[in-house]
Amino acid sequence: MRTLELLAPAKNLECGLAAISHGADAVYIGADHFGARASAGNSVEDIQKLCDYAHRFGAKVYVTVNTIIYEDELGATQDLITRLAEIGVDALLVQDMATLGMRRVALQKVGHAPVLHASTQMDNRTVEKVKWLRSLGFTRAVLARELSLDEIRAIHEAVPDVELEVFVHGALCVSYSGQCYASQHLFGRSANRGECAQVCRMKYDLVDA
């Protein structure tokens, strides 16, 4: 019998501590850069405090490093992932495949490293995609928000050894999860860089031809 994990978003340390105190099995939080919510960055020191508190109660802490990484940011991202390994973060939610190599480097330096979760930004919606992620070492796939229960069930039955994460509450993308460029097109703000303007939630008039 598999149990469900109740995973809560944590905007900051205070929210993360409250979530753990009220029964969350895990929380996910953004570091000070390279997360899909650029305005919700937290210091590694605060994340360490959250890890220390969560682990006292058997809860876990996942950190989002799920933006597309530019060439001149590779060194800084490696440093971040290594520091997150050092403080005992349980998992990294990632989008950019360069992070796989960075995790290996952190593992060699620290002796242990967080497991990898495939962020919904990777557009995980098929059995084939989840099997591919498994072959690369991912332990969990965060599925696209649009999937039905039947589609989720089919993926689980085909790849039962990969954990599946789904959104059950909160604001959801109205556009195509993980592959939406509306914000970039209209405002020059890339969702893949943590700057989504959430234009899909605005009011529109539908006018036919």
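**Two helix pairs and a buried threonine**

Okay, let's start with T82: this residue is buried, with a relative accessible area of 9%. Keep in mind that we're looking at a predicted model.

So where does T82 sit? You'll find T82 in helix α3, which covers residues 74–86. Its side chain has a polar atom 2.9 Å from the backbone oxygen of Q78. And if you skip the neighbours within four places in sequence, T82 touches A106, K109 and V110.

Next up, helix packing. When two helices pack, people describe them by the angle between the axes and how far apart those axes are.

Take α1, residues 13–21, and α2, residues 44–56: their axes cross at roughly 10 degrees and come within 10 Å. That angle is under 35 degrees, so α1 counts as roughly parallel to α2. On the α1 side, the contact uses L13, G16, L17, I20 and S21, and α2 brings D46, K49, L50, Y53 and A54. Sort those residues by class and you get 6 nonpolar, 2 polar and 2 charged.

Now the other pair: α5, residues 127–135, with α6, residues 149–158. Here the packing angle is about 40 degrees, with the axes 9 Å apart. That angle makes α5 oblique to α6, and the crossing is right-handed. Who makes the contact? From α5 it's V127, V130 and K131, and from α6 it's A154, I155 and A158. The class split for this contact is 5 nonpolar, no polar and 1 charged.

So, to recap the angles: α1 is roughly parallel to α2, while α5 is oblique to α6.

Terms used
Residues numbered from 1 in each chain as written. Predicted model: local features only at pLDDT ≥ 70, side-chain atom pairs only at ≥ 80, totals over all residues. Heavy atoms only, no water. Axes fitted to C-alpha atoms, helices over the stretch in contact; angles between N-to-C directions. Helix = DSSP H or I, 4+ residues; strand = E, 2+ residues; numbered from the N terminus. Parallel < 35°, antiparallel > 145°, perpendicular 65-115°, else oblique. Left-handed = near helix turned anticlockwise from the far one by under 90°. Contact = heavy atoms within 4.5 Å. Nonpolar A, V, L, I, M, F, W, Y, C, P; charged D, E, K, R; others polar. Buried < 20%, exposed > 50% of the residue type's maximum accessible area, 1.4 Å probe, protein only. Polar contact = N/O pair within 3.5 Å; in protein donor to acceptor, adjacent residues only side chain to side chain.
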